[in-house]
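Good morning, and thank you for making time on the agenda. I should like to take the group through one structure, which I will put on the screen now.

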Number of protein chains: 2
Amino acid sequence: MKLSTRTRYAMRAMLELANGYGKGPLQTRVIAKNQDISTKYLEQIMSALKSTGLIRSQRGAKGGYILANPPEKIKLSDVFDVFEGPVVTVECVANENYCSRSADCVAKQVWGEVQRAVRNVLQSTTLQDVIDKAKITKSDYQI
Amino acid sequence: MKLSTRTRYAMRAMLELANGYGKGPLQTRVIAKNQDISTKYLEQIMSALKSTGLIRSQRGAKGGYILANPPEKIKLSDVFDVFEGPVVTVECVANENYCSRSADCVAKQVWGEVQRAVRNVLQSTTLQDVIDKAKITKSDYQI
DNA sequence: ACTATACCTACTGCTATAATGGGAATAGTA
DNA sequence: TACTATTCCCATTATAGCAGTAGGTATAGT
């Protein structure tokens, strides 16, 4: 159950944007360099983040991306869901009609609990929470 | 972050074995039929489960598989780990030297929390727990 | 005009997944 | 002994998704 690099890159990019929130747009190129990510690949990721409404863009020179909402309003689950779907698990948890065993299936319940555990962590934490945590634990922090 | 079908099949097969624990070996063919899984594919999965020591086999006619330990001694995480590795997340969480940002990386901490949440669910539940739950909620249960 | 940026589309190599298939070794049974 | 049901072992395949590359267009600032 690995995370895709897309999700990891997306999270790191969003944390960069959160960190620079209020200081104008941040460019893909800059984020890519800071995070040591392929610029071209990150471009696609930013595009996806934009299409879900998490970030806004400014085209042209001095353009870039900014968060669509303040970092304390963006939950980690918002970012996570862009590429990992509605979280973890199994088709049968989401779709009641997926399989004939559905009603009685206990395996389904197990995966449902795992799903809730993950969601609980990601929904109860905002980008701002993460930034704050970093500032507390490290003066010389990095994201 | 989908689960592989291997893991889902493995879990269902283990639950079948748990359900029939003490009644002699259960055959791949039977499990496959009950669970509507390709027999040949399940064969490989059973082989992997055996090689990790979770189940034992009896070859030849009237053979099959049995749990290596009673169902109350087998945690769901034992089954999960066979195919999903040491759980969720990201190389940098497991390997301290994976990336130069490691020491200060807050993204890493996020994924670490997710990992712990998942492990917590899977380590605190045994096969027997799941069977019991099914018996309570349904007289006509199915796994 | 020039430049830096977002934006768009297509392609590529790679790997893992989810099977399928054939057959050998083993053990019970008639 | 012959027969049969099983585990066991190995190879092959089709597909899909991931991660990344590439080239170009539209837009905005200077």
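I begin with helix 3 of chain B, residues 39-51. At 1.5 Å a residue, its 13 residues should span 18 Å, and the C-alpha atoms at its ends are 18 Å apart, so expectation and model agree. Please bear in mind throughout that this is a predicted model.

Which residues of this helix are buried? They are B:Leu42, B:Ile45, B:Met46, B:Ala48 and B:Leu49. Because they cover an arc of only 160° around the axis, they fall on the same side of helix 3 of chain B. The general background is familiar: an α-helix has 3.6 residues a turn, so residues three or four places apart point the same way.

What does that buried side pack against? Within chain B, its partners are helix 1 (5-19), helix 2 (28-35), helix 4 (76-84), strand 1 (55-58) and strand 2 (64-67). On the face turned away from the buried side, helix 3 of chain B carries the exposed residues B:Lys40, B:Gln44 and B:Ser51. After the helix comes B:Gly53, which has a positive phi, near 85°.

One of those packing partners, helix 1 of chain B, deserves a word. Helix 1 of chain B has 15 residues and reaches 21 Å from its first C-alpha to its last, close to the 21 Å expected. This helix is mostly covered, with 12 of its 15 residues buried. Among the buried residues of helix 1 of chain B are B:Tyr9, B:Met11, B:Met14, B:Leu15 and B:Leu17, but also B:Arg8, B:Arg12 and B:Glu16.

I turn now to the DNA, starting with strand C. Around DNA strand C there are 27 residues, and A:Arg29, A:Ser57, B:Arg6, B:Lys40 and B:Gln44 come nearest. Of the strand C atoms within 4 Å of the protein, 63% are accounted for by sugar and phosphate.

Two residues from the exposed face of helix 3 of chain B, B:Lys40 and B:Gln44, reappear here. An N or O atom in the side chain of B:Lys40 is 2.3 Å from a base oxygen of DNA strand C. For B:Gln44, a polar side-chain atom lies 2.4 Å from a base oxygen of that strand. B:Ser38 instead places a polar side-chain atom 3.0 Å from a phosphate oxygen of DNA strand C. Which element gives the most to the surface near DNA strand C? It is helix 3 of chain A, with 4 residues. By class, this surface has 5 nonpolar, 13 polar and 9 charged residues.

Next, DNA strand D. This strand is surrounded by 27 residues, the closest being A:Arg6, A:Lys40, A:Gln44, B:Arg29 and B:Ser57. Of its atoms within 4 Å of the protein, 66% belong to sugar or phosphate and the rest to bases.

Three contacts with phosphate oxygens of strand D may be listed. A:Ser38 has a side-chain N or O atom 3.2 Å from one, and A:Tyr41 has a polar side-chain atom 3.5 Å from one. In chain B, a polar side-chain atom of B:Lys50 lies 2.7 Å from a phosphate oxygen of DNA strand D.

To close where I began: helix 3 of chain B gives the most to the surface near DNA strand D, with 4 residues. That surface comprises 5 nonpolar, 13 polar and 9 charged residues. Thank you; I welcome your questions.

Key. Residues are numbered from 1 along each chain as its sequence is written. Chains are lettered from A and ligands numbered from 1 in the order in which they are written. This is a predicted model: local features need pLDDT of at least 70, side-chain atom pairs count only at pLDDT 80 or more; totals for chains, interfaces and linings use all residues. Side-chain values use heavy atoms; hydrogens and water are left out. The expected span of a helix is 1.5 Å times one less than its number of residues. Buried means under 20% relative accessible area, exposed over 50%, partly exposed in between (1.4 Å probe, protein chains only). The arc is that of the directions from the helix axis to the C-beta atoms. Contact means heavy atoms within 4.5 Å. A residue is near a molecule or strand if one of its heavy atoms lies within 4 Å of it. A polar contact is a pair of N or O atoms within 3.5 Å; within protein, one must be able to donate a hydrogen and the other to accept it, and residues adjacent in sequence count only if both atoms are side-chain atoms. Ala, Val, Leu, Ile, Met, Phe, Trp, Tyr, Cys and Pro count as nonpolar, Asp, Glu, Lys and Arg as charged, and the others, Gly among them, as polar.
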